[in-house]
Structures are given as structure tokens and as C-alpha cells.
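User: Please take a close look at one part of this structure, namely the salt-bridge network and the surroundings of the largest cavity. I would like a connected account that also places this part within the whole protein.

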Amino acid sequence: MSAFIDEARIQLEAGDGGDGSAAFRREKFIPKGGPSGGDGGDGGDVVLFADPGLHTLLDFKYRRHYAAQAGEHGRGKDQYGHRGADLVLRVPVGTIVRDAGSGDALADLSTADARFVAARGGKGGRGNRHFATATRQAPRFAESGTPGEVRALLLELRLLADVGIVGFPNAGKSSFLARVSSARPKIADYPFTTLVPQLGVVALVGGRSFVMADVPGLLEGAHAGHGLGDRFLRHLARTRALLHVLDAEPQGRDPLADYDVVRRELALHDPALAALPEIVAVSKMDRPEVAERAGELERRLGERGIALHRTSGATGMGTAEILEDLWKLIGRAEAHES
């Protein structure tokens with residue numbers, strides 16, 4: 001399985017424009033042939049292309065510098081130089097392009113086949129034929145081509161998902177995703193099983209479907225760089241709803257306190273995340289000790305006006321109802337956006 005890389009810094013050089021030619025006609029019986037220098041070709045652009053077949057910026061981890069082809073110089077006999085070939089760099093759909101210096105967003109390649117000219121090639125210079133006048137019939141100079149743009153860019157990948165699954169490490173998020181989709185995240189009984197975001201497509205009856213993203217578990221201080229969740233919080237930015245998974249196993253932690261920690265981290269990272277509609281579920285209901293604690297957790301959440309769903313990734317308990325409720329939340333969010 002390829003490594004997941006969601007940030008990359010690259011250096012781009014568009015092609016320089018070719019120089020114009022300073023040439024004259026040299027033909028038999030035409031002793032005073034006029035200027036015949038052709039124009040230089042334009043330099044090639046560097047273009048970023050959103051490829052739906054890519055899911056990581058891994059290619060840019062090992063190669064950072066890219067240059068497009070320069071334009072050809074002009075030649076005599078009115079021959080123009082060829083334009084330099086564009087360099088097309090393929091990036092995953094969901095890539096945000098930023099200026100490396102200022103951090104300003106330049107493009108958001110959030111749709112398949114979207115294109116962004118990241119560095120423009122230089123213009124080709126004009127040949128001396130353009131500079132002939134009635135009083136200057138034999139110009140011995142031509143125009144130089146202009147250099148292509150040089151840019152340093154930051155590429156930042158934000159996954160495209162309708163629903164984000166959040167919760168503490170080992171809360172059962174990966175098990176839920178594996179149960180309801182074809183995604184096969186690593187599942188184990190220890191914290192930080194999920195080290196990279198996982199995507200899964202959920203299929204419902206009637207030809208309906210949506211995409212879920214499981215991000216690494218969040219800890220207190222994640223927004224400031226603690227734990228593994230800080231650099232993955234941004235992958236929730238495009239989601240329309242959240243599934244908040246709680247772990248009620250008796251491990252010395254209070255699941256309601258865990259809930260408050262995650263909610264606080266979402267708000268500190270981006271208030272818009274905390275404002276997303278969410279469904280709260282307690283996982284691992286196939287385990288007797290969890291089933292015993294679920295009632296008390298449901299009562300405490302109910303006092304806050306929060307409904308609790310019960311589910312098990314191992315048995316599939318409650319998953320169908322949760323998915324239908326998530327579908328409704330997605331629909332409401334889409335209606336609100338339109």
C-alpha cells in the first residue's frame with residue numbers, strides 16, 4: 001500500500017521564450033534581401049491537473065523541482081521557433097495550491113479534470129522583420145524572449161468526503177467504516193491503529209451512495225499539534241456531517257468527557273467543523289461491559305438533548321439506521337448550500 005502524503009512543497013519553472021532571429025534574405029539575384037528573422041516560440045506552461053485516479057501527493061515527496069520546455073529560437077527565412085511543450089503535473093482531486101511564500105490560496109482543484117496554470121511560459125521574442133521601417137530597412141537586431149515564471153508552491157490535499165468519522169483513538173471508527181464500506185483499514189485493539197485517513201464509499205438501497213472518511217483519533221491538544229490528529233483535521237473541512245463514535249469500555253475514561261474533548265478540538269481548529277450536524281454513536285455494543293454502560297451514557301447525553309445510537313462494527317448492529325440518518329443530514333446540508 002502506498003504511503004499517504006498530503007502535503008508537498010514544489011519548485012516550478014515555466015519555459016523561457018525563444019529569442020527572435022536577426023537574419024536577412026540571401027538569395028541569388030536578390031543582392032539586397034530584406035530582414036527575414038522569424039519570431040521565437042513561447043515557453044511552455046506548468047499546469048496542475050486534478051486526476052481522480054490519484055489519492056496522495058506521494059509523487060512529489062521524492063521530486064520537488066519541475067521545469068517546462070523552453071520555446072525554440074527564431075530562424076532565418078521567416079521561420080518561427082516552436083512553442084515549448086507544457087508540463088502537466090497530475091495531482092489528486094481535492095488539492096489546494098498555495099503560494100509558498102505568502103500562504104495565499106491560488107487554486108482549489110476540487111473537481112475531476114480541473115486545471116490550473118501554475119507557472120506561465122515566457123513570450124517569444126520578435127524577429128528583425130518586425131522592426132523594418134521606411135527609414136530603417138535593414139535592422140540588425142531582434143527581440144529576446146522573456147523568462148518563464150518561477151514559483152514555489154505548497155500543495156495541500158484535503159480529502160473529498162461527505163461524512164467524517166471522529167472520536168478518540170481505538171473508539172471503533174475503523175471497524176465501523178470496514179463494516180459499511182469496501183474500505184479495509186487496519187484494525188487492532190490498541191490506540192492509533194489508524195495512522196492515515198481512510199476513505200470508504202457507502203452504498204444504500206435505491207442506488208444512493210456517499211463517501212465517509214475516517215481520520216486518525218483525536219486527543220486533547222490535537223489542534224495545536226498533539227497526537228496524530230492535528231495534521232488530519234483539515235480533511236474534515238469538506239465534509240457535510242460528522243459521525244462521532246464513543247467508546248464506553250471501562251478503561252478509566254469517561255466517554256462523555258472524551259466527547260467534550262473532541263468537540264472542543266474541532267471548534268479550536270475551525271469553528272465551522274463544530275457547527276457541522278453530527279450523529280453520536282457508542283460502538284462495540286457486542287461486548288457485555290459496553291452494553292451495561294450504554295444506558296447511563298444515553299441518559300447523560302439525553303440531558304443535553306443529544307440522541308445516542310448504538311452500534312457494533314463486529315456484528316453490524318445499528319449500522320443501517322445510522323447510515324440512513326447520515327444520508328438525511330447530507331441531504332439537508334446540500335439543500336442549505338444551494
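Analyst: In this predicted model, the side chains of Lys 284 and Asp 247 meet in a salt bridge, with an N to O distance of 3.2 Å. The two partners come from distant parts of the chain, 37 residues apart. Lys 284 is located in the loop between β13 (278-282) and α5 (288-302), while Asp 247 is located in the loop between β12 (241-246) and α3. Both residues are buried: this holds for Lys 284 and for Asp 247.

A second salt bridge joins Arg 287 to Glu 249, and here the closest N and O atoms are 2.5 Å apart. Arg 287 lies in the loop between β13 and α5 and Glu 249 in the loop between β12 and α3, so this pair ties together parts that are 38 residues apart in sequence. As for burial, Arg 287 has a relative accessible area of 27% and is therefore partly exposed. Glu 249, in contrast, counts as buried because its relative accessibility is 9%, which falls under the cut-off of 20%. Taken together, Asp 247, Glu 249, Lys 284 and Arg 287 are linked in a network of salt bridges.

Asp 247 also leads to the cavity. A search of the whole structure finds one cavity of 30 Å³ or more, and the volume of the largest cavity is about 40 Å³. Asp 247 belongs to its lining, together with Gly 167, Phe 168, Ala 171, His 244, Val 245, Leu 246, Arg 253, Pro 255, Asp 258, Tyr 259 and Val 262. The elements that give two or more residues to this lining are β12 and α3. Of the elements, α3 gives the most, with four residues. By class, the lining holds seven nonpolar, two polar and three charged residues.

Asp 258 deserves separate attention within the lining. This residue is found in helix α3, which spans residues 255-269. Its relative accessibility is 9%, so Asp 258 counts as buried. Leaving aside residues up to four places away in sequence, Asp 258 touches Phe 168 and Arg 253. Both of these contact partners, Phe 168 and Arg 253, also appear among the residues that line the largest cavity.

A further residue to consider is Asn 170, whose place is in the loop between β9 (163-166) and α2 (173-180). Phi of Asn 170 is near 65 degrees, a positive value in a residue other than glycine. Asn 170 has a relative accessibility of 18% and therefore counts as buried, the cut-off being under 20%. A positive phi is also found at Asp 113, where the value is near 70 degrees, again in a residue other than glycine. Asp 113 is placed in the loop between β6 (105-109) and β7 (115-119). With 47% relative accessibility, Asp 113 counts as partly exposed.

For the wider setting of the network, a search of the whole structure finds 20 salt bridges. One of them connects Glu 156 with Arg 98, the closest N and O atoms being 3.4 Å apart. Glu 156 lies in strand β8 (residues 150-157) and Arg 98 in strand β5 (residues 95-99), so the pair ties together parts that are 58 residues apart in sequence. Glu 156 counts as buried, at 13% relative accessibility.

Another part of the structure is represented by Leu 87, which has its place in strand β4 (residues 87-92). Its relative accessibility of 22% makes Leu 87 partly exposed. Leu 87 touches Asp 45, Val 46, Val 47, Tyr 66, Ala 67 and Ala 68, not counting residues up to four places away in sequence. The C-alpha atoms of Leu 87 and Gln 69 are 7.5 Å apart in space, and the two residues are 18 residues apart in sequence.

The protein as a whole has six helices and 14 strands. Of its 338 residues, 47% are buried. Among contacts with a separation of 6 or more, residues 24 or more positions apart account for 73%. The protein exposes about 16400 Å², and carbon and sulfur atoms supply 51% of that area.

Terms used
Residues numbered from 1 in each chain as written. Predicted model: local features only at pLDDT ≥ 70, side-chain atom pairs only at ≥ 80, totals over all residues. Heavy atoms only, no water. Buried < 20%, exposed > 50% of the residue type's maximum accessible area, 1.4 Å probe, protein only. Contact = heavy atoms within 4.5 Å. Salt bridge = Lys/Arg side-chain N within 4 Å of Asp/Glu carboxyl O. Areas by Shrake-Rupley, 256 points an atom, 1.4 Å probe, with all protein chains shown as cover. 1 Å grid on protein atoms, 1.4 Å probe; cavity = no way out; pocket = protein on both sides within 12 Å on 5 of 7 lines; lining within 4 Å. Points joined across faces, edges and corners; volume = space filled by probe spheres on them. Nonpolar A, V, L, I, M, F, W, Y, C, P; charged D, E, K, R; others polar.
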